[in-house]
Amino acid sequence: MWTMCNKLSGGVTSMEPFIKKFFHNVYVKMKEDNKVSNYCKFNSELLTLFTSSLYVAGLFACFFASPITKKYGRKPSVLIGGLAFLAGSVIGGAAVNIYMLILGRLLLGVGVGFANQSVPLYLSEMAPPKYRGAFNNSFQLSVGIGALTANLINFGTEEIRAGWGWRVSLALAAVPASFLILGAILLPETPNSLIQRSNTNNSESNDLLHKAKMTLQRVRGTTEVDKEFEDLINASNKIAMSDNNSFKQILKCKHRPQLVMSIAIPFFQQVTGINVIAFYAPLLFRTLGLGESASLLSSVMTCVVGTTSTFISMLIVDRFGRRVLFIFGGVQMFICQIGVGIIIGTQLGDEGGISKGYSYVVLLLICVYVAGFGWSWGPLGWLVPSEIFQLEIRSAGQSINVGVNFVFTFIVAQTFLAMLCSFKAGIFFFFGGWVLVMTGFVYLFLPETKNIPLEKMDQIWRDHWFWSKIVC
């Protein structure tokens, strides 16, 4: 849902009627001012504000979502996210001025904040341990399908010559929002959440425990769930006997590795540069000299690649593990970032474009880069944080993960156009350097988590060469 929103918004920012209506100065620079550098044509504080407003709203929303997710369950947070997203898409599609446009985007941010806090938790808690990677990667696969759908919508609505195609693009974000609302109403609550709430609601404790066991039997497809059910109850009882403030809990030394990962992984995910590609791809391809339709079609191609690679990740993540995909994808992304930087740096000046041949090579490298992200940092950046937290810190840990993700997404979105204008082709070397750093971090500090039950995840840190010296 998040990436579909981004792709719809990113696509409309390359549509001339939309730019002319809301960002007239950018339109003038793009059409009339030949003295402006190719790298600076889209550098606009107002355009950046439009982009970044979603992330600011999402940041605050994910921390409001944490106590709701913990106290009332995962489903209410998903429902609130869907309703906010629906309202934002309607207001965005009906916008008549920049204030309505940004209000709609703020509501989209609230929806994304609630959904990203609760949906990965829901998937991890419902999935059997041996298939948890594939289940959780389906979240990123759905994101990829949403991005592809959004690009196809933008490619189609850009052809509407009356100038209102951007309204259709923004309003159609209501479709996935409606599916999210429907899912929140029809799907069962997770057994983990029901058991956790039974400790704080004595009058309904037995009913909640019975419901939790019935749900566990349904999702596992067997009545032989006593051992897993007992593990869930024991994990919940540990919470009941400890400080109930999960944010205080996660600061304790025994949870230090999880805290570090909940900050490092979303930070690294954003400095891969993927959101630059995701949101600004149409603008980037136009900077290279491709036309409006060609730039949108190129974005469709990259989305097809990303969705396909994420599907491949679903099939192999529980076989090969998280670390192998992280490292392989990191090396692949690093090589592509450096390649793109070299070509743009040597072939694209401040004026004019680059030859079609080099443009297609850049497009190919970006597709290979997106494929690397699609089977590594894309899905695993959500999977690993959602599975490493014990129940007592799970809601807080996921909120920190999503919050850090929003903070650095906001920073990257807020600064990218200015950085592109200042760094020019060096922007790709900047992100490539970070990819090299994060690949080394995974190799040294991230233990393998495949096939390990959530309730026993704390043991991997005690067995790790570095973290065993930190946990107490």
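Aromatic pairs, then: a search of the whole structure, which is a predicted model, finds 18 of them. Take phenylalanine 267 and phenylalanine 408 as an example. Their rings are 4.6 Å apart, centre to centre, with 70° between the planes, an edge-to-face pair. Phenylalanine 267 belongs to helix H14, residues 256-270, and phenylalanine 408 to helix H20, residues 391-423, so this contact ties together parts that are 141 residues apart in sequence.

How buried or exposed are the two partners? Phenylalanine 267 has a relative accessible area of 17%, which is under the 20% cut-off, so it counts as buried. Phenylalanine 408 comes out at 24% and is therefore partly exposed.

The neighbouring position in the sequence makes a pair as well. The ring centres of phenylalanine 268 and tryptophan 377 are 6.1 Å apart, and because the planes meet at 70°, this pair is edge-to-face. Here too, distant parts of the chain are linked: phenylalanine 268 is in helix H14, tryptophan 377 is in helix H19, residues 377-387, and these positions lie 109 residues apart in the numbering. Phenylalanine 268 and tryptophan 377 are both buried.

All four residues belong to one aromatic cluster, whose other members include Phe326, Trp434, Phe441 and Trp461.

Two items away from that cluster. At lysine 21, the charged end sits over the ring of phenylalanine 22, 5.6 Å from the ring centre. Then valine 143, in helix H7, residues 132-157. Valine 143 is buried, at 7% relative accessible area. Its C-alpha atom is 9.8 Å from that of glycine 306, a residue 163 positions away along the chain.

Definitions and conventions. Residues are numbered from 1 along each chain as its sequence is written. This is a predicted model: local features need pLDDT of at least 70, side-chain atom pairs count only at pLDDT 80 or more; totals for chains, interfaces and linings use all residues. Side-chain values use heavy atoms; hydrogens and water are left out. Helices (H or I, at least four residues) and strands (E, at least two) are DSSP runs, numbered from the N terminus. Buried means under 20% relative accessible area, exposed over 50%, partly exposed in between (1.4 Å probe, protein chains only). Rings of Phe, Tyr and Trp (its six-membered ring) pair if their centres lie within 6.5 Å; planes under 30 degrees apart count as stacked, over 60 as edge-to-face and the rest as tilted. A charge sits over a ring if NZ of Lys or CZ of Arg is within 6 Å of the ring centre and within 35 degrees of the ring normal.
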